[in-house]
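Q: Could you take a close look at a single part of this model for me, and then show how it compares with its surroundings? Please spell out the cut-offs as you go.

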Amino acid sequence: MTATAAAPVYEADIYEDQALLEPYEHYRSLRELGPAVWLEAHGAWAVPRYAEAKAVLFDSDTFRSANGIALNEPANTAILGCTLASDGDLHTRLRKVVAHRLTPRALRPMNEIVTRKAEALVAELVAGGSFDAVHDLARALPLSVVPDFIGWPEQGREHLLEWAGANFDSFGPMNDRARRAMPKCGEMAAFGAEIVRTGNVAPGSLGASVLEARDQGAVTTEQCMMLMLDYLAPSLDTTISAVGSAIWLFGTRPDQWDAVRADPGLIPNAVNEIVRFEAPIRAFGRVAGTDTQIGGVPIAAGSRVLVLYASANRDERKFERPDEFDVTRPDAAEQLGFGYGEHGCAGQGLARMETQALLAALARSVRRFHLGEPRRALNNLIRALGSLPVTVEREG
Ligand code: HEM
């Protein structure tokens, strides 16, 4: 597959280290070039602008997820048939197996648990005065909530972060990061298969619902394995990224923290603004099922299409002052960081709950975040800090 004669072309590799560290100028250049830009280094069409990104995500009949999510064939083959990488009726059926457990109503009992854990964690860290916002805060809450919610056995949890990170690396182009990740993804899949074989999930958990669906004939054993990973793999790094970015953003823009402290009712909007400004997932792919067009650029059937959520969220055609972090932004909820349409994030209720609970507890007890030197974690898909030392100035 190549670009059509008149289509804009971008030569740079947007997955090399420096581009992952500083992606926003690349995204700006891509947006200026057009609604669909041929990425020479990756053999795929980038969709960098908001309107077309949303339209592609919405049109899941044309832009397919099966064989389309990752930028390389081995990863697409490995995940074929999971919720994320399925289409049409199969996708609807798979999503239905556990989606009912993630609705706001079903998550209500989780709110108390998440709030209690967030408050205890923040109280302990704030009392200490200094901590690492990634290791001690952003990772600690999801790790203490999500594996229990999914029902993942205690044994094996020590690998979860490494496996989940590898899973996201594997979805990029077949660069060194993706190559290194493949064996880890295999380990995670094997562990998931073992859990399904032995039925070793916590009673009443999301994982238990998946096994029940298999026992009732709603899904096959193989689909059951995929579903187990579907909900575990994307549930940690994403939220960790959002919380780590939040502390960095509020530390570097204290006026925004003052606004949140003055009106904690802004916290849900602040979470949208964090996910808009520093989209935890940079991009996911699709494959064009038929000859089509994106913003007038002809796209041949079989072409790979890369929807750049992180670029769409900074599109000056959609958002005013897109490079400013503003928790009062009236249209922050329109960000595409959780995706959109049929494949829109199934776990966003839980992610929002965790992030909001931490920010609410922090808003009550922290006046200022004084930041040390941040270190970025490099991953093909996830934009996140790997470490962020912080000293807090306490309230009162
Ligand atoms: C800040 C946190 C999160 C972000 C930014 C995020 C982002 C996303 C995005 C962009 C997609 C769309 C994929 C696509 O377009 O193909 C997605 C899908 C998905 N997410 Fe999340 N996610 C987060 C947290 C979670 C959590 C906590 C869970 C699980 C409990 C989860 C489970 C899923 C699943 C299962 C899908 C696939 C949905 C489908 O294909 O129908 N996510 N997420």
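A: Let's start with what counts as touching: contact means heavy atoms within 4.5 Å. With that in hand, α13 lies across β10 and β13. Its direction is about 95° to β10 (axes are lines fitted to C-alpha atoms, for helices over the stretch in contact, and angles between N-to-C directions run from 0 to 180 degrees). Those element names are DSSP runs numbered from the N terminus: helices are H or I with at least four residues, strands are E with at least two.

Keep in mind that this is a predicted model, so local features need pLDDT of at least 70, side-chain atom pairs need 80 or more, and totals for chains, interfaces and linings use all residues. Numbering runs from 1 along each chain as its sequence is written, and side-chain values use heavy atoms, leaving out hydrogens and water.

The part to zoom in on is the sheet under α13. Three strands make up this open sheet, in the order β5-β13-β10, and the pairing is antiparallel (a pair needs at least two DSSP bridges). β5 and β10 sit at the edges with a single partner strand each, so one side of each has no neighbour in the sheet. From one strand to the next, the twist averages 30°.

Now go in from the β5 side. β5 covers residues 130-132 and β13 covers residues 389-394; the two run antiparallel and three bridges join them. You can follow the register by residue: Ser130 faces Thr391 in β13, while Asp132 has Pro389 of β13 opposite. On the other side, β10 (residues 366-371) also runs antiparallel to β13, and here five bridges do the joining. One of the paired positions there puts Leu371 of β10 with Val390 of β13 as its bridge partner.

So what else lies on this sheet besides α13? Helix α6, residues 104-128, lies across β5, β10 and β13. The angle between α6 and β13 is about 90°.

For contrast, look at the other sheet. It is open too, but six strands form it, in the order β1-β2-β3-β9-β6-β4, and the pairing is mixed. Its edges are β1 (9-10) and β4 (63-64), each pairing on one side only. Further in, β6 (residues 283-288) pairs with β9 (residues 304-308) in the antiparallel sense over five bridges. Within that pair, Val287 stands opposite Arg304 in β9. This sheet has a helix on it as well: α3 (residues 50-58) lies across β3 (44-47), β4, β6 and β9. Relative to β9, α3 runs at about 120°.

One last stop, at the ligand. Its iron atom has a single protein donor, the SG atom of Cys345, 2.3 Å away. (Donors are N, O and S atoms within 2.8 Å of the metal, or 3.2 Å for Na, K and Ca; water is not among the atoms, so sites may look incomplete). Along the chain, Cys345 belongs to the loop between α16 (309-312) and α17 (348-365).

Back to the part you asked about: β13 has β5 on one side and β10 on the other, with α6 and α13 both lying across β13 and β10.
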